[in-house]
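Colleague: Could you walk me through this structure? I am new to it.

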Amino acid sequence: MARTYDIVLFGASGFTGALTAAYLAKTAGPEVRWALAGRDRAKLERLGLDVPILIADATDPASLAAIARATRVVVTTVGPYIRYGEPLVAACAAAGTHYLDLTGEAEFVDRMYVSHHRQATATGAKLVHACGFDSIPYDLGVLFTVDRLPEHVPLKVSGFLRSEMRASGGTLASGMTIVSRPLQLLEAAARRRAAEPPPPGRRVSSLPGGLRYVGGWALPMPSLDPLIVGRSARLLDRYGPDFTYRQYYAVKTLPAALAVAAGAGTMAALAQIPPVRDWMAGRVKPGDGPTPEQRARNWFKVTILGEGGGQRVVTEVAGGDPGYDETAKMLGESALCLAFDDVPEIAGQVTTASAMGRPLIERLRRAGITFGTRGEGTGPASPSVRESP
């Protein structure tokens, strides 16, 4: 595509957007033609980066269409996406421009599939959601694991997360939006099931897990990630004729498990009360987030257990601050991968595994995120959650 820019980052004045801009400034070489976009030129200029600045507003479709026509890849950190995201998705689908975001909102992903997948397929646009901690460690970690299991056999894969992190104002706002819309979530999922054909001759099941004890407690993890992993499994025959994925959050002790479950349940219940939801969301303003010192103490480790054909593989995907520093790295490398690497010829609403896959894994490994197998063999296996980070 002959465009003015290779990459445009929309929303760089926000907390995660600014970190992503700093990562691109450090990583992208002089041959990369990239720009910042947003509605407030002064805020973007305060980032102090020597790149072009484009003016666009999430509520102005014409300005978003102009950006989409000017670049090969658009990266957006402007959320909550269910509120602000669709006009940019629509603009990229129409212009044949690749689109990347950081959403963790399953409702948004399902609605964008129903509304824009067909046009993006026709124009050649890749619409790739969840290109940060939601959901790269799981999506690419499962691909990394599946590549090391036998082909053409049923596969059973489980993912277990352990982490230490704090949320920014934008993340809290998105989280409150997600849990406050249960009926809309179900409706969007039903519409997508009706619109998305099953993979011919194959079966895919991808859901949050149930309560398990695996040397510690594994709790159900009702996040976007199983939806993304399931979409990859539907698109990639390498996942076998019968693929099952379950995802968990791992803690060491029963009291810790009860505290996590109680906290999540309380937040979901309070989010149904609009004044309380607004108060909780207002405790941390969008644009605010953890300090560099706080982020330096954060970490994540995703353990993925894969079994099939009498073999088992245990993969670890690990890194530092998951919500911000590593998310900015994942998003920045995804943009560079789409713009410059030899990636699969696929279009429409796709995933990091199906759209970028192994080239993106290699980029992330070079950038310092660990992808590795802890062991291979036969027989039963369980990940330990009692190890130190």
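Colleague: Which strands and helices do the buried residues of H5 pack against?

Modeller: Happy to help! This is a predicted model, where local features need pLDDT of at least 70, side-chain atom pairs count only at pLDDT 80 or more, and totals for chains, interfaces and linings use all residues. Residues are numbered from 1 along each chain as its sequence is written, and side-chain values use heavy atoms, leaving out hydrogens and water. Helices (H or I, at least four residues) and strands (E, at least two) are DSSP runs numbered from the N terminus. In H5 (residues 86-95), the buried residues (under 20% relative accessible area, 1.4 Å probe, protein chains only) are Leu 88, Val 89, Ala 91, Cys 92 and Ala 93. With contact meaning heavy atoms within 4.5 Å, their packing partners are S1, H3, S4, S5, H6 and S6.

Colleague: Which residue follows H5, and what is its phi?

Modeller: H5 covers residues 86-95. Right after this helix comes Gly 96, with a positive phi, near 70°.

Colleague: Which strands stand at the edges of the open sheet?

Modeller: Two strands pair if DSSP finds at least two bridges between them. The order of the 7 strands is S3-S2-S1-S4-S5-S6-S14, paired in parallel. Each edge strand has a single partner, so one of its sides lacks a neighbour in the sheet; these are S3 (53-55) and S14 (348-350).

Colleague: What is the bridge partner of Leu 100 in S6?

Modeller: S5 and S6 run parallel and are joined by 2 bridges. For Leu 100, the partner in S6 is Val 128.

Notes:
Buried means under 20% relative accessible area, exposed over 50%, partly exposed in between (1.4 Å probe, protein chains only).
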